[in-house]
Number of protein chains: 4
Amino acid sequence: MQATDRARPLRVGVAGLGRLGRRHAKNLAYRVPDATLVAACSPLEDDLAWARDALPAARLHMDYAQLLADDALDAVCLVTPSSLHAQQIIDALRAGKHVFCEKPLSLDVAECERVVAESRRYEGQQVTIGFMRRFDPSYQDAFAKVQAGAIGRPFLVRSQTSDLNDPEGFFVRFAPTSGGIFLDCTVHDIDVARWLLGKPRATRVFASGTIALHEGLRAAGDVDNGVAICEFEGGALAMFYASRTMAHGNDTSSEVIGTAGALAIGHIPSANRVEIYDAHGVRSECTPTFFDRFEEAFLVEAHAFVAAVRERMGEGAGMGGQGATLEDALEATRIGQALRESMRTGQAVVL
Amino acid sequence: MQATDRARPLRVGVAGLGRLGRRHAKNLAYRVPDATLVAACSPLEDDLAWARDALPAARLHMDYAQLLADDALDAVCLVTPSSLHAQQIIDALRAGKHVFCEKPLSLDVAECERVVAESRRYEGQQVTIGFMRRFDPSYQDAFAKVQAGAIGRPFLVRSQTSDLNDPEGFFVRFAPTSGGIFLDCTVHDIDVARWLLGKPRATRVFASGTIALHEGLRAAGDVDNGVAICEFEGGALAMFYASRTMAHGNDTSSEVIGTAGALAIGHIPSANRVEIYDAHGVRSECTPTFFDRFEEAFLVEAHAFVAAVRERMGEGAGMGGQGATLEDALEATRIGQALRESMRTGQAVVL
Amino acid sequence: MQATDRARPLRVGVAGLGRLGRRHAKNLAYRVPDATLVAACSPLEDDLAWARDALPAARLHMDYAQLLADDALDAVCLVTPSSLHAQQIIDALRAGKHVFCEKPLSLDVAECERVVAESRRYEGQQVTIGFMRRFDPSYQDAFAKVQAGAIGRPFLVRSQTSDLNDPEGFFVRFAPTSGGIFLDCTVHDIDVARWLLGKPRATRVFASGTIALHEGLRAAGDVDNGVAICEFEGGALAMFYASRTMAHGNDTSSEVIGTAGALAIGHIPSANRVEIYDAHGVRSECTPTFFDRFEEAFLVEAHAFVAAVRERMGEGAGMGGQGATLEDALEATRIGQALRESMRTGQAVVL
Amino acid sequence: MQATDRARPLRVGVAGLGRLGRRHAKNLAYRVPDATLVAACSPLEDDLAWARDALPAARLHMDYAQLLADDALDAVCLVTPSSLHAQQIIDALRAGKHVFCEKPLSLDVAECERVVAESRRYEGQQVTIGFMRRFDPSYQDAFAKVQAGAIGRPFLVRSQTSDLNDPEGFFVRFAPTSGGIFLDCTVHDIDVARWLLGKPRATRVFASGTIALHEGLRAAGDVDNGVAICEFEGGALAMFYASRTMAHGNDTSSEVIGTAGALAIGHIPSANRVEIYDAHGVRSECTPTFFDRFEEAFLVEAHAFVAAVRERMGEGAGMGGQGATLEDALEATRIGQALRESMRTGQAVVL
């Protein structure tokens, strides 16, 4: 949050103004001193109406091509449907923009590879995929401790993404296009595991799952609770758990175990520092959604992206190096696909 | 729990077979290898009926004098009404018995002093007052750490005795004879504070209180929530809190603060190692009563008393030294009385 | 953080650019969309140099009078030495500005009363004293729960301000002018207690203290650990603890106990959501300073002040009502002074 | 612990007087009122010397056959090497004794089946295998809550057995005969999972492992950290983790997740109720070994075994039904073997 000696803030345009897009837009507009939100686009009139009120300084477009045509833009922030990410990243690179794109890069490994290949032609431009968990202050602290050797050599990560049950089952309707629980949820845990373990390649996976509550998922071959094991080159391991059916809230936690100690992040998903003492016992209320849990992570992520772009422009060093690269995103999709394959076949899948 | 090479176990008789008396009796009968329960007395037929079933090996008496007349007894364990303690201790000493007596020694300072004076004539006999908190494994661990210098010089104790609210208000009916909240509850915290701080003498106290729920206490000059500060010679301090009106359970906790660290004992009064995740959040159920909270303490206390007697008989060293002496009990009553006086007058009381 | 439909953001000037002043300035400049930092003043060249870099949009002054003379200013934020607060507030009111002022209002009760009296002439202008703890999200949640009746009638607050020991003893040098531990630290706890208990008036207090480590305080009649009890009209109570000598970090916590439950805020002062498992056991690192602990509170406080001013201007309802008023600040100083008096005399002090 | 109206206590003989055998012997001798320890056997003179001192009332034998020949024995407690369990159980049944036997029944599935088959001929005799975790008070509480429907339908168990690293690597020397980490450690978690999930049969497993510290295990095909997934009929799942290399202590925990909530048992392996505040932060020390962690479970288990025998004798109902049967032990070995097979082949194993 250090304001730096500089010519002008980074000019960013946001594409996509849904719930998460709005958060990114407001962070860039009001909470990242080194950036300014100069434009936004959405095909939806509601979104644009919101933006006219909340982002009075931004030029508004209905069309992504218009946004890219804006010469005053240094970078774009993509918060669009996942199926558009790959092509929109390529288009932005071709238009000379730095790119921040929400996860996932793509549900299709080949498409991920195509973006990676294309991006090689634009080495001067920053591309970061939004695995925001890396920027949560607690994950950052754990990562720094691992780097500093606090737990010896890390060899096992356990990580989970567990959502409060939605009785409406929004994700059931979303199942045919979400890629399934491993590509939609566990992909975050995959990225966390690789990040904490030093970015090893996966060599073999096994996954399983069950439908606890949402029978509607069966048609799409999906489950509401999934478990998985991932072996990495060099002998490291990961265990993953994803759930859509928690009763207590969003319970996102990770653990990294090393030869000299272990670190747990988010063991108890308490909403805040309040403990309630009553006839139920002693309790903490829980973070209801990932949106609440990672509010600060999204902001730190935005700072880090801006810092990474500036660093690339030779304008000072930042923490940009910690964001997920296209290669990281490709590997996350590759592993997620293998988990889905393993669950479908009941067999371990060798990568 | 080490069984030792010995002629015979210590022969103990229990006086009083109420809820706590029964626990002491069963501990001595079945869970302290170095002791054997040879006799018990109670004026109540119900108690004796219970004893005939639960303590088949014990001789039963209706009368304390009969119990003392039993030559086969080495020691007595007094779990009788508080108002009888002082004289019963003296009678037991005169009968040549070692004595374990439940707290309080007496609500009357002069009577405490009389017992202390009388006991000087029976130096060869052990007298321990049942401040069981000293024998709870967590309190023991904290005490050992303080002794080992883990927190530097201890200078402040905060300690509380908080009971689950009893809507029936049993203690309201008991108020005229209980001595009030400070002599009934805080006396444990006073003893803990002195024990952890190296047994200093109190020099000045201030206390206050309020009636949160039980208006019936007003007639007895008592409160259902009391707070106090105690200054000790040498500059150490204590803060006390006692409550009869907790919604979540028995919440007994203490904290000792030193120049190089602090120790908290029983911060969260969880009943066990189970955490419940549901719509209320993440929670632990709480220990319902002191009886549940200190189950193990009562047993360790019995072991320690037996060990103290054996040590005194020259039969090996034990942890007997950690029990509260008559002098400790006198000091606890003296401070408790001063707290009551301070609350009544609204003035600090100098001791 | 909702940007609202409005003519223009509130124009604020900051007076004082020390560590806390800089935080306020940056919050207002970059993180409060409804406000804009248009000016800042400090008599120190270093501060102004910092501001030229970090706050390029602000007009800089060496003198508070110059700042007040700036017609483009709607409000001032005072982060100046405590002894200047009272007169600077009056000057700002006379200049037609809304005022946010860091605590304490004044260490002198008469001076507090003078400001309260003077402020009555400027009813249209907002004056908020910076008891930031009220704006910490966990304190906010607890307050809302109390208001909603979650714990029945609140009748007891326990609250503490405990700082990591500073072996350099900065506060020792500051002791002659700090007002002592109760006016410097406990004043926050006093405000929290009154806020959570429904703003009752104090009727009697008792305080004591000890010097655990910093003998240098003795000359100023101050201590490095202080304890206190406060009685309020209507029977509510508070217990306070303040320490300068903690080994583990800044440990600021409060607890409010009601007839149907209790709430603890900040029970464990963990720095974040990381738990470390190693040869020391399982542990959380702690928040090192109040500055880290209350980072978010300072920001929410700034939002709330801006909202309060807008509400007063008829520009929509906000959470402004939750800030401490001049009357609250007067009462905090009155109680703090009584605590100091009680510790000095060893007697309870009736207010 | 209720002493009951009865002719005489159950007469038990213990076979094996190693560390765990001694604990069982002392529990039966001194802490289970309904039982009496009448005999013990060990081939080791040291053990017998210990017994002469600690168990003065027991007849001592060097030979298991002698123990079984003792007509005054109602039951035997086998704490002998695992490879002897199967035959010793059969011999005891043939001698008309009830049997408590430490886990595992056998590392060989066929041998387990042989014992199960043979035991069918002795329906009147109790046989319990010592999966003591079922008797830990916290596991008992969780089980009762699951039974009462507190978490809806349980569908996933996560369970781990993690031991403090032993730099001496005792278990490395033990590896050739221990059956490997899954049969030695995870077998407890397998039993817990089946018990909490309603005793389903496993249908498919996958396991993996790594050597973090103890290269000496490689020769035996073993690992010091193992992970596994187990699918059960009906769709329930389990995830297991076993480690020999923890830095903080014995960390045995389990979690059962249902459609309406979840229960965690032993989330934080704190040794007691003490929290330490110092320069390391706020911490709990951890239970060093399973022996410490499950001290109470071993005692409750002994009570339950005695109650189960009495129940079988028509002497009143007990909690005997909660002990692991031979069939449970067979299933645990069957699953454990499949995990070992899966880790060796890298393939999922269908049962």
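**Exercise 1.** Find which residue of β4(A) A:Val12 stands opposite, then place that pair in its sheet.

*Solution.* Start with the partner: A:Val12 stands opposite A:Ala75 in β4(A). Strands here are DSSP runs of E with at least two residues, and helices are runs of H or I with at least four, numbered from the N terminus. Next, look at the strands: β1 (residues 10–15) and β4 (residues 75–78) of chain A run parallel and are joined by 4 bridges; pairing requires at least two DSSP bridges. Now widen the view: 6 strands of chain A form an open, parallel sheet in the order β3-β2-β1-β4-β5-β6. β3 (59–61) and β6 (127–130) of chain A each have a single partner strand, so one side of each lacks a neighbour in the sheet.

A word on the source: this is a predicted model, with local features needing pLDDT of at least 70, side-chain atom pairs counting only at pLDDT 80 or more, and totals for chains, interfaces and linings using all residues. Residues are numbered from 1 along each chain as its sequence is written, chains are lettered from A and ligands numbered from 1 in the order written, and side-chain values use heavy atoms, without hydrogens and water.

**Exercise 2.** Work out which residues of helix α2 (residues 45–54) of chain B are buried (under 20% relative accessible area, where over 50% is exposed and in between is partly exposed; 1.4 Å probe, protein chains only).

*Solution.* List them first: B:Asp47, B:Leu48, B:Trp50, B:Ala51 and B:Ala54 are buried. Then look down the axis of α2(B): these buried residues fall within an arc of 155 degrees (taken from the directions from the helix axis to the C-beta atoms), so they line one face of the helix. Finally, see what covers them: α1 (19–31) and β3 (59–61) of chain B are included.

How values were computed. Contact means heavy atoms within 4.5 Å.
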